[in-house]
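Student: Could you take me slowly through one part of this model, and then show me how the same way of reading applies elsewhere? Please explain each term when you first use it.

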Amino acid sequence: MSGAEKINAKVSNIIKLNDLVTRFEFERTDGQLFPTFSGGAHTVIELKDGDLTRRNPYSLMSDPMDQDGYSISVRRDDEGRGGSLFLHNNIKIGDDVVLSHPVNLFSLDLRAKKHLMIAGGIGITPFLAQIKQLDRSHGNWELHYSVRNQSLGTYVNDLMAMHPNDVNIYYDDEKNFIDIVNLLDGQPLGTHLYICGPKGMIDWVVNEASKLGWPNETIHYEEFLAPKPGKPFQVKLSASNKVVNVGENESLLEAIEREGVDAPYLCRGGACGQCETSVIEADGEFIHRDHWLEDDDKSSGKKIMPCVSRFDGKTLVLDR
Amino acid sequence: MTIQFKDETFRDDYTFKNSEWAVKRFPFPFHEDSYMYSVNMEQHKGGPEGSIYEKRFDVDEHYISEMRDRSEVLKDDPLRCQSLPHMTLAGWDLLELIMISKSEDYPDLFELHRNGNNWRWINKPMQIDHSFTFLDDATLPYGPMEYITRQTQGDFVILDQRESNLWMDAGMVTTQADWSLDFDIGMNFFEWHAPVPKAHEMGIFTRALKFLLNIQQGAPARRLNWTMTVNPLLDTSPENYHKWGVQKGTLNPENIGEKQYLRVELQTFFRLPRSNALVFPIRCYLASFDDLMTVPKWGRRLHRVIRDLPEELATYKGFIDNRPMMLDYLSQYDDGKPTSDGIWPDLQTEPARD
Amino acid sequence: MSTFVFPESIKSRPTYGKLQNKFGKAYLFIADAEGAEAIIELASKDPALMQKAHVVYIPKDTGDQFLKDLNNLNINQLYIGPSYSAAQSRIIQAFEQASMGLQVCLSGTEGLIGQALRDAMAAGIPHTSIQTEHRGSVSRRMQCVHCKGITEDVISDPFVCSHCGLNLFVRDHYSRRLAAFQGVCIDAEDPGNIPDSVELYK
């Protein structure tokens, strides 16, 4: 069976937070409790869009101890492949959805003497659950949250009201940016650093921390890597004996699934390794967009991560 | 069915005995006539009715006696149960998993009543009726992992998942096949398996780790492992090896059927939700050679497996010196007939011997 | 030179490298006996490094063999101590007061490296970011799995546990948390049958 176990749910509430971000709340349809989870976990939401089955991962922002409902906050992406747009425009209260059991690829290191959190934009969502979890156990955390402007400051007021001493907000439009070098300098030994936000922010913070001598094991990040659209291409699935045309706005994994082939997956974002597929034959260029394969695996042309990566060339034969 | 709990010992006078029911459901681990390591994982999602696979945490006739033996081991050596400080949350996860599973799977033996975080746990076989506050250590007589594993058969190891590896950061280990929790706690997956011969070169552990890292909530897995023990001794720990090691030499052709035991571990793997840790229960089942020979297929197969096992494995599993004597006994039960694939006893086609 | 090439062993057996100049906000060097050579060699490649360094050195039976050279390195803070045990409280305080970016470099015997690494880990430093270089004796710290006592400076196999008196054989299985290798009773199955001791790695 692919992916994590599934839960039937329905949309119980939709709250528009600002121009870009809307919160969706869910309840189970069988009346049972949701599974609890660890802060940083995400769920993969399955939505039927006509013939198409959309599967999108979103961080769970609700309190892990609250098993009556799950909530996610979704940023509308007008340039993307339509998943967030579909949620914003088509989903109504009462609609049926399928949620996966929570999966955590961005967990807290509970040995840390201090958790230093850096969030950018919608990257705030996993931290909301983690903060609630840490508060229950009196954990030591500090948040630095960068937002575009006051009106797009999702949850800023709630955070400042509940944690005035531990939350720092930075407004881009006021030219107020996180002074990362000074922030990292002098943090006590045993601090762990967590970053969630746009790729550019993650790269910048990771780079500065490494330069300052922070060990890799103390730096954790999650990038919401959605499969980017790309040039259509053809692939042959050798084990299933099928030829599949991958469209511009679907990922290789989605195309394989569309053809009825059960391919393993988990995070659908290029991070967990579960969808790793062997390449039997290739004549063309691989467009690797994942974080999983080592550099030599990527250049070997023998492996591909179909959830986010693509191909451009004459022939691609996969072992599926 | 109601389980008849036995009153028996796993040390000193060794009064342990398997009933016919226990022998028939024994997890004979060999699915073919030879043995080599493999990543033999499958989903832990029930099994044939009455089998050891049916329930999430199997309870059998040895339950009460095993728990008594455990408490004696712990009294003598409390270091058999340790939990590094960051693993307390995972301990609560395990307590919740076991209490929910057992109260659902064995409602006539266990009850769990929950009102928010106010919980009441009733363990009828052990005569426990305890109210406590979930997540509040002060309301339990032991840490949560120790509390619940003192009431659950088998060893438990809780693995913290970080840096794409699994770290043995907590455990209750009183029925182990000769490894030390006190020594291994804090090690990662490759390190605690370091002493196992051949398996690393075969890539077994790299593949197994990848599988385990991806186990998700609601989708546990299981596999079988095995070794040999002289006498139904559960506590075959390195800590007490200088006391029990000498028992291997007490085997002779007259007593081998009664004293030589096949020791099988049912290993299961559950993702723990609140901590994202992985719990690794290791449930030990013992059957004497006499017990096993009542099943004709097992008699044939065990002889062939032990005969052809590579020397390094027989040495690592601790029975190389007794192997010749074992083969003398087992060969009597191998008439050379073919054996069917799979582990099940085939008792419909070939009934049990007396 | 007092380097030793350890033969390949099981996955839990520690392996060592060579000290290198990696960026750090501050540097803490802990060494014993011939481990001083590793510090002196590193300083010869980058003398400025020593001006930011705190060095804790335990000569053991090398006496004052390396002291003159160490003193010539202009080390910011140099402490010469009689044993790891005596230096330990000072070392733990150094960890408690440090901030992220502290570079820890350990050199000398496995016992020294192991104990310092254990204390660094307790302070929150991932063990893989700590530099280690073995020099000098191949003697080991051994934990008796039976009585849990640690016997220092074990150089022969089998050996006698200095706490409970059992005869133990030397395993390569190693615990970072205990900073010791495992010793197991050698005559459990055949009491009294104890092979002659051989020196480790001879």
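**A strand and its neighbours**

Tutor: Leu106(C) stands opposite Thr132(C) in strand E5(C), and this pair is a good place to begin. The model is predicted, so local features need pLDDT of at least 70 and side-chain atom pairs count only at pLDDT 80 or more, while totals for chains, interfaces and linings use all residues. Residues are numbered from 1 along each chain as its sequence is written, and chains are lettered from A and ligands numbered from 1 in the order in which they are written.

Leu106(C) is one of the residues of E4(C), a strand that spans residues 102-108 of chain C. Helices (H or I, at least four residues) and strands (E, at least two) are DSSP runs, numbered from the N terminus. Between E4(C) and E5(C), which covers residues 131-134, there are four bridges in the parallel sense; two strands pair if DSSP finds at least two bridges between them. E4(C) is also joined by six bridges to strand E1 (residues 26-32) of chain C, again running parallel, and there Leu28(C) stands opposite Val104(C).

How well covered is E4(C)? Seven of its seven residues are buried, where buried means 20 or more other C-beta atoms within 10 Å of the residue's own, exposed means 12 or fewer, partly exposed lies in between, and C-beta atoms are placed from the backbone. Both faces share in this: Leu102(C), Val104(C), Leu106(C) and Gly108(C) are buried on one side, and Gln103(C), Cys105(C) and Ser107(C) are buried on the other.

Helix H4 (residues 110-122) of chain C forms a right-handed β-α-β unit with E4(C) and E5(C). Right-handed here says that, with the strands pointing away from the viewer, the path from the first strand over the helix to the second runs clockwise.

For antiparallel pairing, turn to chain B, where seven strands form an open sheet in the order E1-E8-E9-E10-E6-E7-E2. Strands E1 (42-43) and E2 (81-83) of chain B are the edges of this sheet, each pairing on one side only. Within the sheet, E6(B) (residues 155-162) and E7(B) (residues 165-172) run antiparallel and are joined by seven bridges, with Ile158(B) partnered by Ala170(B) of E7(B).

The loop between E6 and E7 of chain B holds Ser164(B), which has a positive phi of about 50° although it is not a glycine. Ser164(B) counts as exposed because it has 10 C-beta neighbours inside 10 Å. A second loop, between strand E9 (260-271) and strand E10 (278-288) of chain B, holds Asn276(B), whose phi is likewise positive, at about 60°, although Asn276(B) is not a glycine. Asn276(B) is buried, because 27 other C-beta atoms lie within 10 Å. Most residues other than glycine have a negative phi.

Helices can be read in a similar way. The axes of helix H11 (residues 296-308) and helix H13 (residues 323-331) of chain B come within 9 Å and cross at roughly 155°. H11(B) is therefore roughly antiparallel to H13(B). Residues making this contact include Leu302(B) and Ile306(B) of H11(B), and Met326(B) and Leu330(B) of H13(B), contact requiring C-beta atoms, placed from the backbone, within 7 Å. Axes are lines fitted to C-alpha atoms, for helices over the stretch in contact, with angles from 0 to 180 degrees between N-to-C directions; angles under 35 degrees count as roughly parallel, over 145 as roughly antiparallel, 65 to 115 as roughly perpendicular and the rest as oblique.

Definitions and conventions:
Two residues are in contact if their C-beta atoms, placed from the backbone, lie within 7 Å.
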